[in-house]
Amino acid sequence: MLLTAGARAEDPPPTDPPPTEPTPPAPPPVDSGSKTIQFGVKIAGQDVGGLTAREAVVAVQRHFDRSIQLVVSKTWKKRFTPAQLGARARVGKAVESALRARSVDAAIPLTVDIDAARLHGVLAKLGRDTARAPVDSKLRLIHLAPTGTKSVEGRRLEELKAFYALTLTLRKHVRDPFALPFQLIEPKLTEDSLGKAIVIRRGSNELLLYNDSKLKREFHVATGASSYPTPLGRYAIVNKQRNPWWYPPQGSAWAKGEQPVPPGPGNPLGTRWMGLSAPLVGIHGTPNAASIGYSASHGCIRMLIPQAEWLFEHVDIGTPVFIVPA
């Protein structure tokens, strides 16, 4: 072999380089803005078949942004957008999945993220705005009969329950009216639970006992003489005594020089005393049965002793007493 200058025997003989293959051109990028989605594909129930990615994003976002009506009552309703409730949908990701779908009936889910702090804040404000304290029924004298005003239930928004239910509703893309959950607070007194009440008709010397605004018993009584009239107004029974002592009322000219009287047949109070919130006035029995039906007392309401004993057992401290001029 003929060696050229500078060549070494161990070096391989030079060869021609192999022919170079032409590099194929890179495929053009997929224009997702012009590529259309397979017909029949839906995202969260919204048909996006035949739409480009951009068109699908707009359609799905519009579908998701529909407001939801939160219902407090028949007359108290308010609409909120999902964004106002702290909800955000991953629309772009869902559209990417739709572009890859090949089935004509593919149902692509739409993931929803919830900003818990924002939703809790909305519900806290709703809770403050919609809270209502219960209103008790109150006794009023209407046509000389004790009648209860209408009671009203109170309400308190169950914020935690509303949070979880609304979160599920938004993630399921439901837009039906959403009835907010409330805890109802019952009033302590309703029209049917007012209990006993007494009406004393001073002019006709009658005592009427009512229970839940219904007349139960009627008694003839004696009321105050013209010089010592039984006071008009609304009072309550504040004291009950069996076999009471009678003490001369301080400062009363008619009782000057009188001495206390222990329980017994001659006691002016009989065997039962039901003191009213009107000073020195009460309902009691009397040994002077002849005074019943007349204005004859020093301001108290006298009853026959057996009737006073019966009434004593059927009223409580706190029972309202209305004294009217009729």
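The following legends describe three close-up views of a predicted model.

Local features need pLDDT of at least 70 and side-chain atom pairs count only at pLDDT 80 or more, whereas totals for chains, interfaces and linings use all residues. Residues are numbered from 1 along each chain as its sequence is written, and side-chain values use heavy atoms, with hydrogens and water left out.

**View A. The largest pocket and its lining.** The largest pocket (an open set of points on a 1 Å grid over the protein atoms alone, with protein on both sides within 12 Å along at least five of seven lines) has a volume of about 680 Å³. Among its 28 lining residues (those with an atom within 4 Å of a point), Trp246, Pro249, Trp254, Leu280 and Cys300 are the closest to the pocket centre. By class, the lining comprises 18 nonpolar, eight polar and two charged residues.

**View B. The contact of helix α3 with helix α4.** The axes (lines fitted to C-alpha atoms over the stretch in contact) of α3, residues 116-130, and α4, residues 159-171, come within 10 Å and cross at roughly 130°. The two helices are therefore oblique to each other, and the crossing is right-handed. Contact, meaning heavy atoms within 4.5 Å, involves Ala116, Leu119, His120, Leu123, Ala124 and Gly127 of α3 and Glu159, Leu160, Ala162, Phe163, Leu166 and Thr167 of α4. These contact residues divide into eight nonpolar, three polar and one charged.

**View C. The packing of helix α1 with helix α2.** Helix α1, residues 53-64, packs against helix α2, residues 91-100, at an angle of about 130°, and their axes lie 10 Å apart. This angle makes α1 oblique to α2 (oblique covers angles outside the ranges under 35, 65 to 115 and over 145 degrees), and the crossing is right-handed. Ala53, Ala56, Val57, Val60 and Gln61 of α1 meet Val91, Val95 and Leu99 of α2.

Definitions and conventions:
On a 1 Å grid over the protein atoms alone, a cavity is a set of points where a 1.4 Å probe fits but cannot get out, and a pocket is an open set with protein on both sides within 12 Å along at least five of seven lines; lining residues have an atom within 4 Å of a point. Grid points are joined across faces, edges and corners, and a volume is the space filled by probe spheres set on the points. Ala, Val, Leu, Ile, Met, Phe, Trp, Tyr, Cys and Pro count as nonpolar, Asp, Glu, Lys and Arg as charged, and the others, Gly among them, as polar. Axes are lines fitted to C-alpha atoms, for helices over the stretch in contact, and angles run from 0 to 180 degrees between N-to-C directions. Helices (H or I, at least four residues) and strands (E, at least two) are DSSP runs, numbered from the N terminus. A crossing is left-handed if the near helix is turned anticlockwise from the far one by less than a right angle, and right-handed if clockwise.
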